[in-house]
Every structure is written in C-alpha cells, then in structure tokens.
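Here are my notes from going through this structure. Have the viewer open while you read, and take the points in order.

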Amino acid sequence: MSDIKIKITDREGVTHEVDAPTDMNMNLMEVVRSYELAPEGTIGVCGGMAMCASCQCYVKSDHVLPEMSDDEDAMLAEAFNVEDNSRLGCQIHMTEDLDGLEVELAPES
C-alpha cells in the first residue's frame, strides 16, 4: 500500500494535507469526498463522469497531469469560474507521481 500526501484548499479557504491511496484507483474528487472537504451533494454530482464540473479545481503545484480528455475539455468550456489551471477532480487519478500535489476547489457555481 502506497499513500501520497496532497494539499487541498477547500471552498472556505482552509488547506488540508491529506493522505491519498495510490492502490485503490481513486481520483481527486473521491479523495475530497472521503475526507468530507465539501458539503454532501456539492461535489461529484455526476458520479465522476466528467459531466457536471462540480469537482472543478485549480491545480496550484507544477505537477504534470495526464492530458485532458475531450469530455473534460468540453465540460470545462461550459463551466463557471474556469481558470487556466482548472481541471476536473474526477479526471485526476491518484498516482505516486502526484505526491505533493496542491489544488484548490473551485467555488460552487
């Protein structure tokens, strides 16, 4: 079992350093939900299908993330509060390469 440390700034501006498992095929949205860093029903509304942008986050660290899929790109094109560093948390899978990742949850639209 291998956990990585990531920093997540919630929508209240509080930064949490959490352990994220890399051996359970979890994505960032699922990590946020498991630590209850966003109110129930406000993140991952579509279940992680890149169809709602409720898990939009801003990547603050210099990590190289997997290329954005067409679905993720299309969803972000329609979302609110999108920045150059916006990604959907449901599309960021926890891997050892992401140790030290820093993200901020986008405001709830």
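Before we start, a word on naming: helices and strands here are DSSP runs, numbered from the N terminus, with at least four residues for a helix (H or I) and at least two for a strand (E). Also keep in mind that this is a predicted model.

1. Start with the sheet. It is an open one made of 5 strands, and if you walk across it you meet them in the order β2-β1-β5-β3-β4. The pairing is mixed. Which strands stand at the edges? They are β2 (15–21) and β4 (86–88); each has a single partner strand, so one side of each is left without a neighbour in the sheet. Neighbouring strands are turned against each other by 40 degrees on average, ignoring direction.

2. Now look at how β1 and β2 are joined. These two form a hairpin, with 5 residues between them. In the turn you'll find G13, which has a positive phi of about 90 degrees. The strands pair in the antiparallel sense over 7 bridges, and one pair to look up is I6 with its bridge partner V18 in β2.

3. Next, β5 and its two partners. With β1 (residues 3–9), β5 pairs in the parallel sense over 3 bridges. With β3 (residues 56–59), β5 (residues 102–105) pairs in the antiparallel sense, also over 3 bridges. Try finding E104 in β5: T9 stands opposite E104, and Y58 stands opposite E104 too.

4. Stay on β5 and look at its side chains, which alternate. Which of them are buried? V103 and L105 point to one face and are buried, while E102 and E104 point to the other and are not.

5. Helix α2 (residues 70–78) deserves a look as well. This helix packs on the sheet, where it touches β3 and β4. The direction of α2 makes about 120 degrees with that of β4.

6. Q56 is a good residue to click on. You'll find Q56 in strand β3. Is Q56 buried or exposed? The cut-off for buried is under 20% relative accessible area, so Q56, at 3% relative accessibility, counts as buried. Leaving out residues up to four places away in sequence, Q56 touches a list of residues including L76, F80, V82, R87 and L105.

7. Two residues have backbone angles you may want to check. Most residues other than glycine have a negative phi. A53, though not a glycine, has a positive phi of about 65 degrees. A53 lies in the loop between α1 (28–34) and β3, and at 12% relative accessibility A53 counts as buried. The other one is N81, in the loop between α2 and β4. Phi of N81 is near 60 degrees, again a positive value in a residue other than glycine. At 38% relative accessibility, N81 counts as partly exposed.

8. Last, the largest pocket. Its volume is about 160 Å³. Which residues lie nearest its centre? Of the 16 residues that line the pocket, those nearest the centre are C52, A53, S54, E108 and S109. By class, the lining has 8 nonpolar, 5 polar and 3 charged residues. Notice that A53, the residue with the positive phi from the previous point, turns up here as well.

Terms used. Residues numbered from 1 in each chain as written. Predicted model: local features only at pLDDT ≥ 70, side-chain atom pairs only at ≥ 80, totals over all residues. Heavy atoms only, no water. Pairing = 2+ DSSP bridges. Axes fitted to C-alpha atoms, helices over the stretch in contact; angles between N-to-C directions. Contact = heavy atoms within 4.5 Å. 1 Å grid on protein atoms, 1.4 Å probe; cavity = no way out; pocket = protein on both sides within 12 Å on 5 of 7 lines; lining within 4 Å. Points joined across faces, edges and corners; volume = space filled by probe spheres on them. Nonpolar A, V, L, I, M, F, W, Y, C, P; charged D, E, K, R; others polar. Buried < 20%, exposed > 50% of the residue type's maximum accessible area, 1.4 Å probe, protein only.
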